[in-house]
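Reader: I should be grateful for a close look at one helix of this model and at its surroundings. Please set it in the context of the core, the sheets and the contact between the chains.

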Amino acid sequence: MSAALLEISDLRTEFDTDDGLSVPVDGVSFSIPEGKTVGLVGESGCGKSLTALSVMRLVPPPGRTVSGQVAFRKRDLLSLSERQMREVRGRDISMIFQEPMTSLNPVMRIGAQIIEPIVLHEGASRREARERGVEMLEKVGIPEASRRFYDYPHQMSGGMRQRAMIAMALSCGPALVIADEPTTALDVTIQAQILELLRTLQAEMGMSVLLITHDLSVVAQLADEVVVMYAGSIVERASAENLYAHPLHPYTEGLFDSLPGFHARQERLNVIRGQVPDPTHYPGGCKFRPRCSYEYEKCAERPGLLKGTDEHLAACWLVEDTERRKKPQTQRV
Amino acid sequence: MEEVVLARKPRSPLRLAMRRLKRHKTAMAGLFVLVALYLSALFADFIAPYSFDDELRGNSHAPPSKIHFVDAEGKFHLQPFVYGVSFEFDEFHERVFAEDKTKRYPIKLFVRGDEHKLLWVFPTDIHLIGVDKPARLYLMGADSRGRDLFSRILYGGRISLSVGLVGVTVSFLLGLTVGGIAGYFGGWVDSALMRMCEMIMIIPGFYLMLALRAAFPPTLPSTSVYVMIVLIMSFIGWAGLARVVRGMVLSIASKDYVTAAKAVGGKDIIIIFKHVLPNTLSYVIVSLTLSIPGYILGESALSLLGLGIQDPQASWGNLLSDAMHVTEIQFHPWMLIPGAFIFVTVMAFNFLGDGLRDAFDPRMEVGRG
C-alpha cells in the first residue's frame with residue numbers, strides 16, 4: 001500500500017445554531033494514498049462537503065473545526081497559520097466545485113481566473129501565466145484555447161465551464177484535488193466526458209483525488225477506495241471492488257438496494273425508510289439505528305470502525321455478529 | 001503556424017449593458033447634455049467671452065444683449081451684431097439701459113480678449129466669441145458688478161460639475177471599502193462598521209453639513225473651500241452606500257466563486273477587490289450616477305447660503321444667491337439662469353441613471369427574449 005498523502009483523523013466540525021450545537025462532521029477519519037482516487041459517498045447533508053471544506057479550512061462561519069488532525073505530507077494543516085494555509089491552497093491542494101455556473105466569477109475573464117493560482121503561488125509574469133493558462137485550457141480539452149482564454153463564463157456551456165474550473169484547480173499541479181460533486185450539475189453525456197478527463201489528467205499528472213459524490217456510479221468509474229459517510233461519521237471504508245462486491249454496513253447495502261435495477265423492471269424503487277438525522281440531535285447509539293432493519297440490543301452502543309475482511313472497515317456490530325446478518329430481526333415497512 | 005483571427009469580441013457584462021444603454025433614448029439625451037456641459041466647463045475660459053472677474057461697474061445689471069441681423073436703416077447683415085448700451089435712472093433708481101444704434105459691433109469668432117490659460121496650460125488671449133471694445137456681449141445679462149453672467153456660469157460649472165464627480169469618487173471609494181470589508185468579514189467587524197454608518201446616517205444631512213462647515217474657519221482660500229466642500233459631502237454620502245454594498249457583498253461572499261478564489265489561496269483583501277466588489281458594479285454605477293446630483297445640489301445649497309464658494313469665484317450656487325430677493329427676480333430675471341443649469345444637469349443625470357439601471361437590469365434580457 002502506497003504512503004498516505006492526506007491523513008484525516010477524528011475530524012470534528014461544529015456550528016452554533018439557534019437549535020443548539022450542530023455537528024455535521026463528527027469524528028471523521030480516513031486517508032488518501034498518493035496518486036489514488038478516494039470516493040467520499042453519502043446522501044445530501046451527511047457532511048461530505050463540509051469534510052472537504054474542513055480539510056481546506058474554508059468552513060464558512062459560524063462553523064469551526066474543533067478537533068482532529070488533517071495531516072498533509074505529515075504536516076498538520078489545522079495547526080498552520082492562515083498565511084501558511086494560503087500557500088497550501090491552490091498549490092498543494094485544490095478544489096473543483098459542483099456548480100460550474102456559480103463557481104466561476106461572472107465578471108472576470110476565464111483566463112484571468114485560471115491563471116490566478118499560477119500568479120499567486122509562482123509569481124509568474126503576465127505573459128508566462130497567459131501561456132500556461134492557454135496550455136491548461138488545451139489540456140482540459142477546450143478547443144481554440146487561446147481565444148477562449150478571453151471569454152467570460154456566460155459565453156461557455158456548463159461542460160466547458162467545468163473544464164475551465166478543472167484547469168484552474170490543476171494549474172499549479174497540486175498533489176491533491178478535492179472534487180466536490182464535479183458532475184452533478186451536468187447532463188449525463190457531459191458527465192462521462194468530465195470523468196474521463198479527470199481520469200486522464202490524473203494518470204498524466206499523478207495527483208490524488210478526493211471525489212465527493214452521492215452518485216455511486218461515478219464512484220464506481222473512478223475511485224480506488226470508497227468511504228461511505230452517514231450523519232457526519234464514516235460508516236464504511238473499503239476498496240471499490242470490495243465495497244461493491246460485499247457492502248458490510250446496512251446503510252451501504254440500502255444505498256445499493258435503492259439503485260434502480262437495470263434488468264429487472266420494478267414497480268417501485270427500494271428506499272431506505274426514515275430521514276437523515278438532524279446534525280443537532282443525533283440518535284443515541286448507532287446513528288443509523290432508527291432506520292436500520294437489522295437493529296438489535298447491541299446497537300444502543302455506538303460502534304467504532306470494525307475490521308472485516310482485508311482492509312474493509314465498517315461501523316456496525318454486524319461485522320462481528322455475522323450470524324445475525326442473514327435474517328433481519330425486525331421487518332418493518 | 002497559422003493563427004485564425006476571428007471577429008468575435010468577448011462580451012463582458014459591462015459591454016452588453018452599454019449596448020442596451022445606446023438604445024435608451026432619454027438616457028442618451030441625458031448623456032449628450034452632460035458631455036456638452038462638462039466640455040463647456042473644461043473649456044470655460046476659451047468659450048466664455050470674458051474672464052469670471054472681468055467687471056464693468058457701469059454695466060451693473062445690464063440685460064442680455066439683443067442680437068441683431070437688421071440695423072437701424074433696415075439693412076440686413078449676415079453677421080449678427082450688437083449695439084453698445086448706455087443707461088439712465090428711472091423713478092426707482094433702477095438703471096434703464098438703451099441701445100446706442102449709431103455703431104454696430106459684429107459678433108466675431110476667435111477674438112482677442114482677457115488672457116487665460118487654455119486647459120490650465122497654454123497661455124492665450126483668444127476667445128471663441130466676442131465683440132470689439134468698448135461694447136460688451138452679455139449673452140445672459142450682467143450681474144451687479146457688470147460681469148458677464150454667461151462667462152460666470154461657464155466658470156461656475158467647473159466647480160459645480162466637478163464637485164459631483166470628485167465627491168462621488170471619494171465617497172464611493174470609502175463606501176465600497178467599508179461595505180466590502182463589513183460584508184465580507186461579517187461578525188464584529190460588520191457590526192462595528194455598520195453602527196458607525198448608522199451614526200452618520202441618523203444626523204440629518206444638511207445640518208451635519210452646516211456643522212461640519214462650522215468646523216472650518218469662515219474665510220478660506222477658494223481652493224481649500226472646494227476641498228472642504230467635497231470632503232464634507234463625501235463624509236455624509238458614503239454611509240448609505242456602504243450599507244447597501246455590505247448587503248450585496250454578504251450574498252456575493254457566499255457564492256462558490258468566492259470560495260473557489262479562497263481555495264486557490266487568494267488573500268481576503270484581494271478577493272474583496274477583485275472578485276466581490278466588481279460584482280456590485282452594476283448597482284454601483286447606477287447609484288453613482290443618481291447620487292451626483294445630490295452633490296451638485298449640496299454645493300449649491302452651501303454656496304447659496306454663503307458658506308461655500310466665495311465671490312469673486314463663481315459656482316452655480318453662489319451665482320444663484322444673487323437672485324435671492326424678489327426685487328432681483330422682478331427686475332433682473334436673468335439672474336435665475338444658473339438655476340436652469342442646475343436643473344438641466346440634475347435632470348440629465350437622472351435620465352442617464354434611469355437608463356443605466358434599465359441597461360443593467362438582467363430582467364430586461366428575459367423581456368427581449
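**Helix α5 of chain A and its setting**

Author: In this predicted model, the largest nonpolar core has 177 residues, and Ala164(A), Leu176(A), Leu210(A) and Leu211(A) are those with the most contacts inside it. Leaving aside residues up to four places away in sequence, Leu210(A) touches Ile32(A), Val38(A), Leu40(A), Ala52(A), Leu176(A), Ile178(A) and Ala179(A).

The helix itself comes next. α5(A) comprises residues 126–139, and its 14 residues should span 20 Å at 1.5 Å a residue; the end C-alpha atoms are 20 Å apart, so the expected and modelled spans agree. Buried within α5(A) are Ala129(A), Gly133(A), Val134(A), Met136(A) and Leu137(A). These residues lie on the same side of α5(A), because the arc that they cover around the axis is only 160°. An α-helix has 3.6 residues a turn, so residues three or four places apart point the same way. The cover over the buried residues of α5(A) includes α3 (110–114), α4 (116–122), α6 (145–148) and α7 (158–170) of chain A. Just after α5(A), a positive phi of about 80° is found at Gly141(A).

Two of these covering helices lead to other parts of the model. α7(A) packs on a sheet of chain A, where it touches β6 and β7 (176–180), and its direction makes about 175° with that of β6(A). That sheet is open and mixed, with 8 strands in the order β6-β7-β8-β3-β9-β10-β12-β11. β6(A) and β11(A) (306–307) stand at its edges with a single partner strand each, so one side of each has no neighbour in the sheet. At one of these edges, β11(A) runs antiparallel to β12(A) (residues 313–314), joined to it by 2 bridges; here Lys307(A) stands opposite Leu313(A).

α4(A), in turn, leads to the contact between the chains, which takes 30 residues from chain A and 23 residues from chain B. On the side of chain A that touches chain B, α2 (82–88), β6 (93–96) and α4 each supply at least two residues. The largest share of that side, 4 residues, comes from α4(A).

Chain B has a sheet to set beside that of chain A. Its 3 strands form an open, antiparallel sheet in the order β1-β2-β3, with β1(B) (68–70) and β3(B) (95–106) as the edge strands. Neighbouring strands of this sheet are turned by 50° against each other on average, direction ignored. Between β1(B) and β2(B) (residues 76–89) there are 2 bridges, and His68(B) has Phe81(B) as its bridge partner in β2(B).

Notes:
Residues numbered from 1 in each chain as written. Chains lettered and ligands numbered in written order. Predicted model: local features only at pLDDT ≥ 70, side-chain atom pairs only at ≥ 80, totals over all residues. Pairing = 2+ DSSP bridges. Axes fitted to C-alpha atoms, helices over the stretch in contact; angles between N-to-C directions. Expected span 1.5 Å × (residues − 1). Buried ≥ 20, exposed ≤ 12 C-beta atoms within 10 Å, placed from the backbone. Arc of directions from axis to C-beta. Contact = placed C-beta atoms within 7 Å. Core = buried A, V, L, I, M, F, W, Y, C linked by C-beta atoms within 7 Å.
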